[in-house]
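Dear colleague,

Please find the structure below, followed by some notes on how its residues pack.

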Amino acid sequence: MIMDLARKDFSTAPEYFIAGTDIGIAKATKTASAAVEAHAPVLIEGGKVKPVADAAGAGQAVLTGLYGITADSAEADKEVPIYLTGEFFATGLVLPKNVSVDDVEVPLRNLGIFLK
C-alpha cells in the first residue's frame with residue numbers, strides 16, 4: 001500500500017462572486033434553452049437563455065443578445081435566476097474555452113454589470 005504523506009493545505013475561506021453593495025443587484029428568472037453553469041454570462045434568444053459561446057473555436061466570443069450572468073446552474077428547460085446588474089469578481093466568471101474576461105467586460109458594463 002502506498003501512502004501519500006505530503007503536506008496538504010486546505011482552506012475554508014469562501015470564494016466570493018458578488019463584489020460590491022454600492023449598486024443594487026437586479027435579478028430575473030428565465031428558462032434555459034441549454035444547460036448553464038453558475039456565474040456564466042448568458043445570451044437571450046427566443047425568450048430563453050443560453051451560455052455565451054466561442055465562435056467555432058476561433059477565440060471570438062458570440063455576444064449578440066447578451067443578457068446577464070447566471071446566479072445558479074440549471075439544466076435545459078429549467079428556470080434559472082439571472083443577475084442583470086451589479087458588481088462581480090471577474091475571477092468568479094465561468095467562461096467557455098478561448099473566451100477571456102476582456103472579451104465580455106465591456107459588453108457586460110454596457111448592461112450595468114461591472115467586473116472587478
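Leaving aside its neighbours within four places in sequence, with which residues is leucine 93 in contact? Leucine 93 is in contact (heavy atoms within 4.5 Å) with Phe17, His39, Pro41, Ile69, Val104, Leu108 and Leu115.

Please keep in mind that this is a predicted model, in which local features need pLDDT of at least 70 and side-chain atom pairs count only at pLDDT 80 or more, while totals for chains, interfaces and linings use all residues. Residues are numbered from 1 along each chain as its sequence is written, and side-chain values use heavy atoms, with hydrogens and water left out.

The largest nonpolar core (buried Ala, Val, Leu, Ile, Met, Phe, Trp, Tyr and Cys residues joined through side-chain atoms within 4.5 Å, where buried means under 20% relative accessible area and exposed over 50%, with a 1.4 Å probe and protein chains only) has 16 residues, of which Phe17, Ile69, Tyr83, Phe88, Leu93, Leu108 and Leu115 touch the most other members. At least two residues of this core come from each of strand E6 (66–70), helix H1 (101–111) and strand E9 (113–115), these being DSSP runs numbered from the N terminus (helices H or I, at least four residues; strands E, at least two). A second, separate core has nine residues, among them Ala32, Val42, Ala74 and Val80.

Threonine 70, in strand E6, counts as buried because its relative accessible area is 0%. Beyond its neighbours within four places in sequence, threonine 70 has contacts that include Val36, His39, Val42, Val80 and Tyr83.

By contrast, methionine 1, in the segment before strand E1 (27–32), counts as exposed because its relative accessibility is 97%.

Best regards
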